[in-house]
Amino acid sequence: MSLLDNDFLLGNDTAKTLFHDYAAKMPIIDFHCHLNPEEIYENKNYPNITRIWLNEGTYGDHYKWRLMRANGVDEKYITGDGDEYKKFVEWAKTIENSYGNPLYEWTHLELRRFFHIDEELTEESAPRIWEKANELLQTDDFKPRSLIKNSNVQVVCTTDDPASDLKYHKLLKEEEAESGFKTLPAMRPDKLIQIDRDGFGEYLKTLSDVSGVEINDFDGIIKALHQRFEFFNEMGGRLSDHSLLTYHFKEATKNELDAIVAKGVANESLTQDEIDQYLTMLLENLMKLNTEFNWTMQFHINSSRDLNRPMFDKIGPDTGYDAVGTQPDIVAHITKLYTKMQDTNDVPKTIFYSLNNNDWMQLATMMGCFQGGTVQKLQLGAGWWFNDTAEGMDDQLRIFAQESLLPHFVGMLTDSRSFLSYPRHEYFRRVLCNFYGKLVDQGRVPNDTKKLGKIVQDIAYNNAKNYFKF
């Protein structure tokens, strides 16, 4: 078998048939990504492959940056102001050492699918690939909207602060027919969650201004959020997303909450109990809002962020200095939250992703306690971040199938800042088809290609379309 040939990741004839005849050509709903709607709207060509592939300042692909640092590359050729051709060469030298890392496979998939370049990226081939890729990047097919449309994407859900005016979503909505896909907002209230960070008071003022709701206490925050849910909903938003690095369930009275908010606004030091109380009560209200608007609530849990403090101070967050979290009882505390909210029927559709795969079995079994009313109301999300590998995807599919109903799974998402990440859907679909192919080989499911083909098509596209109701 040659590198990334037509049947890579497909281990038997059933898997090959399922992928090529059923899954491969299904459209894409990218329901969680970090693309910039302004870039989608402005639709400008990138000057070279470094800008679209590696970085533009400290915005870019921190998956790649981590590997480059491991390869001894000077930071000026990663996030710094080093020569952009030299950056590309340093990435080529890095990728030569990455056999077994999914980035090796993704890199060459992107070269093949977008640039029709079949040779291996090496220090020797880098000049040829640089020249051919940069020539193509100046054509209309390599503008952001074309990259999305030509990847057979129907919906892109970006990640947006509640206080956003969604200016570019409004502009893109006017051009949907021309673009050929929808760009929809998804609410991510990180700045509202982070009550212990500097600037919380200033953020509440911004949220107050944009919502038209005076915020003097915790109830004011919730009223402002309700207005933002209404606005996002009008703009086609159907999902929220919540990052819980750690979490402890601890409720609070109204008086306690108002005192905690006042301390946060004044930038006073908060105890861990106070932070937990605020977060718990905020999440309870966010669950009610997601239920009211029939949205899907996403949780990304158990990660450790910004571990290299000098580099965080120098270049900020999301730059490759994060790791798997290690809170062993985080699912137990989330279970307490869901048990409480089930009492008032305020459990929304939910997708859980944990960076620590030790949580997956707990999450999958906990979710079974709160299903009902909607097909697969609660879901174990696709292998996230460091688990976004062939083996991680396979493990997630296995646990989902064993503990619930995998044919109802809403499938893959890019979770990416890059317009070149859509081959990850192909990668996932190959793993999915191979998963079912293995079950057929083992005599564990019927050798019914038509029935299995419908299942992989549903997971690839149909389930997301029906579940999110865009």
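R113 is partly exposed, at 35% relative accessibility. Its side chain meets that of E426 in a salt bridge, 2.7 Å from N to O. The pair links distant parts of the chain, 313 residues apart. This is a predicted model. The domain assignment splits the protein into domain 1 (13–42 + 154–468) and domain 2 (45–142).

**Domain layout and interface**

- Domain 1 is made of two stretches, 13–42 and 154–468. Domain 2 covers 45–142.
- The centres of domain 1 and domain 2, taken over C-alpha atoms, are 28 Å apart.
- Domain 1 brings 25 residues to the contact, and domain 2 brings 22 residues.
- About 2,300 Å² is buried between domain 1 and domain 2. Carbon and sulfur atoms give 56% of that area.
- L420, R424 and Y427 supply 29% of the area that domain 1 buries against domain 2. No other three residues supply more.

**Polar links across the interface**

- The rule finds 1 salt bridge across the interface of domain 1 and domain 2.
- E426 and R113 pair through their side chains, with N and O 2.7 Å apart.
- In the same interface, 8 residue pairs are in polar contact, both residues at pLDDT 80 or more.
- On the side of domain 1 that touches domain 2, the elements giving two or more residues are α16 (309–315) and α20 (423–441).
- Helix α20 gives the most to that side, with 5 residues.
- By class, that side of domain 1 has 10 nonpolar, 7 polar and 8 charged residues.

**The R113–E426 pair in detail**

- R113 sits in helix α6 (residues 102–115), and E426 sits in helix α20.
- E426 is buried, because its relative accessible area of 15% is under 20%.
- R113 counts as partly exposed, because its 35% lies between the 20% and 50% cut-offs.

**Other salt bridges**

- The whole structure holds 29 salt bridges.
- K86 bridges to E90, and the closest N and O atoms are 2.9 Å apart.
- Both K86 and E90 belong to helix α5 (residues 84–95). They are 4 residues apart, about one turn of the helix.
- K86 is partly exposed, with a relative accessible area of 29%. E90 is buried, with a relative accessible area of 9%.
- R305 and D318 meet through their side chains in a salt bridge of 3.6 Å, N to O.
- That pair links distant parts of the chain, 13 residues apart. R305 is in the loop between β8 (303–304) and α16. D318 is in the loop between α16 and β9 (323–324).
- R305 counts as partly exposed at 22% relative accessibility. D318 is partly exposed too, with a relative accessible area of 29%.
- D217, D219, K254 and D258 are joined into one network by salt bridges that share partners.

**Two further sites: F249 and S179**

- F249 lies in the loop between β6 (239–244) and α14 (254–265).
- Leaving aside neighbours within four places in sequence, F249 is in contact with T280, E284, H333, K336, L337 and K340.
- F249 and K25 are 224 residues apart along the chain. Their C-alpha atoms are separated by 44 Å.
- S179 lies in helix α10 (residues 176–179).
- S179 is buried, because its relative accessible area of 6% is under 20%.
- The side chain of S179 makes a polar contact of 3.2 Å with the side chain of R145.
- Not counting residues up to four places away in sequence, S179 touches R145 and K149.

Conventions. Residues numbered from 1 in each chain as written. Predicted model: local features only at pLDDT ≥ 70, side-chain atom pairs only at ≥ 80, totals over all residues. Heavy atoms only, no water. Domains from an automatic or database assignment. Contact = heavy atoms within 4.5 Å. Buried area = accessible area lost by both parts, 1.4 Å probe. Salt bridge = Lys/Arg side-chain N within 4 Å of Asp/Glu carboxyl O. Polar contact = N/O pair within 3.5 Å; in protein donor to acceptor, adjacent residues only side chain to side chain. Nonpolar A, V, L, I, M, F, W, Y, C, P; charged D, E, K, R; others polar. Buried < 20%, exposed > 50% of the residue type's maximum accessible area, 1.4 Å probe, protein only.
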